[in-house]
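Student: I have just opened this entry and would like some help finding my way around. Could we go through it together?

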Amino acid sequence: MVETTAVVLGVLVSFSIAIGVRFLANRTLLPYTVLLVTVGFVLTVFPLQTYLGFSLNPLFTHDAILFIFLPAIVFLGAAEIDHDRFRRNLPIVVITVLVGLPVAVLAIGWVGAKLFEMPLLIMLLFGAMAYPIDPVAVLSLFEDAGAPPRLAVLVEGESLLDDGLAIVVFSALLVLVRDASPTELTGTGLFSLARLGTFVIEFLVVSLGGTLVGIGIGYATYRVQRVTKDQANLFMTSFMAVYGGFYVAEHVLHVSGILATVVTGLVLGTWSRNYALSEENLEFLVGIWESIVFLLETMLFVAIGIQVSSRQVLSTLPIVLTTFILLIGVRAGVIYGIMNLLNQVIEDPVPVSYQHVIIWGGMHGVIPIALALSLGPDVPFEGQLRTAVFGVVVASMILQGLSMTSVLEATGVT
């Protein structure tokens, strides 16, 4: 009973902070994700759990993060993207993610293991956590600056698929880390050809299975929404699609629940938006899901703020800044390399100025925070990983977020 009361108090404190952040975002016109990161960093100075006697820890197990927080966040992003432009640029986005994500995780893992003298498998896990990007803040800046719609879709589409696949890779690596012996953590004997082949096959099966489940759930939900105009029923069907679809994929069929949720959002965002929902009902659903996601994201940043101390962040500052530079460098190599190759064969090449913005606009936000919080005490170096991820997110939001407008002007895309 005491633990339940503490969690409820923690949720109420998070909601109070959310009200203040929303108020400031509306008054200052700053992206609310930047403000959430700032709030999280400020909370590292004040041990609220000690002063107020609440705890959010029971909400942030690995399973709770996957089942409660991430489905709603990735669903909203998938449902709100410009689906016509997304389809036209889908080959670019898919190739960028399918090639770029494994290259980035491997590069961060290998270089990080050398620089920080950490086990290779731990640094691969760190790469899968830190690399996912958050388009919310940068898209807000794009809108204010009048950036081209295609640029926004390229950033948002990459983030959408990148987040979904990164969560699959993270979950697979987390299982390896928990089961690995001390020698296997360093990579010794872990990456045999047979084991690597098994890992790739399982990844493909889980990803394709989640995609197919998402198509089925999305289409079934669309058919139901076509025959009802009641707003309560429309919300409940979308809720069942998000969380019921995730449960069926992840726990019944043992495929990727996150990718199932992403694809469900794409299907509903295309079909229900155009053929099933009136303008009034669409605004109602979008408003509810935006509120839910905002509250969930606030809880994540409050939780990381009260679990990481400012002293820890400052003590890892050299690692954080080195990792931030490494992430930008790896991302630059991935984006320039892949897009310049694609430009040789596609009809509508991606301008180099867009590539500059895509690289600097790849800010790291809520997904890395959620994955870092899901690490349990059975993961070696858990505290260091959590602190480093939070530090990278703070550095990314401040350095990239505050300079994004200048980058847009300097590249001439606005």
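Tutor: We shall look at salt bridges, then the nonpolar core, then the cavities, keeping in mind that this is a predicted model.

Student: How many salt bridges does a search of the whole structure find?

Tutor: The search finds six salt bridges. One of them joins Arg331 and Glu158, whose closest N and O atoms are 2.8 Å apart.

Student: Where do Arg331 and Glu158 lie?

Tutor: Arg331 belongs to helix H16 (residues 317–342) and Glu158 to helix H9 (residues 149–179), so this salt bridge ties together parts that are 173 residues apart in sequence.

Student: Is that pair buried or exposed?

Tutor: Arg331 is buried, and Glu158 is buried as well.

Student: And what does Arg178 pair with?

Tutor: Arg178 forms a salt bridge with Asp378, with 3.0 Å between the closest N and O atoms. This pair also links distant parts of the chain, 200 residues apart: Arg178 is in helix H9, while Asp378 is in the loop between helix H18 (366–373) and helix H19 (382–411).

Student: Why does Arg178 count as partly exposed, and what about Asp378?

Tutor: Arg178 counts as partly exposed because its relative accessibility is 35%, a value that falls between the cut-offs of 20% for buried and 50% for exposed. Asp378 is partly exposed too, with a relative accessible area of 45%.

Student: Which residue does Arg386 meet in a salt bridge?

Tutor: The side chain of Arg386 meets that of Glu382, at 3.0 Å from N to O. Both residues lie in helix H19, four residues apart, which is about one turn of the helix. Arg386 is buried, with a relative accessible area of 10%.

Student: Let us change topic. Which residues touch the most other members of the largest nonpolar core?

Tutor: They are Phe126, Phe142 and Leu300, in a core of 138 residues. Helix H9 supplies the largest share of this core, with 17 residues.

Student: What does Phe142 touch, leaving aside residues up to four places away in sequence?

Tutor: Phe142 touches Ala147, Leu151, Ala152, Val155, Val357, Met404 and Leu408.

Student: Now the empty spaces. How many cavities of 30 Å³ or more are found?

Tutor: Two cavities of 30 Å³ or more are found in the whole structure. The largest holds about 180 Å³ of space. It is lined by 15 residues, and the closest to its centre are Phe75, Ala79, Leu277, Leu282 and Leu285.

Student: Which elements give two or more residues to that lining?

Tutor: Those elements are helix H4 (62–80), helix H13 (257–276) and helix H14 (279–307).

Student: What is the lining of the largest cavity like by class?

Tutor: The lining of the largest cavity has nine nonpolar, four polar and two charged residues.

Student: And what is the volume of the second largest cavity?

Tutor: The volume of the second largest cavity is about 40 Å³. Its lining consists of Ile92, Val93, Thr96, Leu154, Glu158, Met339 and Ile358. Here Glu158, the salt-bridge partner of Arg331, appears again as a lining residue.

Student: Which elements contribute two or more residues there?

Tutor: Helix H6 (90–116) and helix H9 do. H6 provides the largest share of this lining, three residues.

Student: How does that second lining divide by class?

Tutor: The lining of the second largest cavity has five nonpolar residues, one polar and one charged.

Note on methods. Residues numbered from 1 in each chain as written. Predicted model: local features only at pLDDT ≥ 70, side-chain atom pairs only at ≥ 80, totals over all residues. Heavy atoms only, no water. Salt bridge = Lys/Arg side-chain N within 4 Å of Asp/Glu carboxyl O. Buried < 20%, exposed > 50% of the residue type's maximum accessible area, 1.4 Å probe, protein only. Core = buried A, V, L, I, M, F, W, Y, C linked by side-chain atoms within 4.5 Å. Contact = heavy atoms within 4.5 Å. 1 Å grid on protein atoms, 1.4 Å probe; cavity = no way out; pocket = protein on both sides within 12 Å on 5 of 7 lines; lining within 4 Å. Points joined across faces, edges and corners; volume = space filled by probe spheres on them. Nonpolar A, V, L, I, M, F, W, Y, C, P; charged D, E, K, R; others polar.
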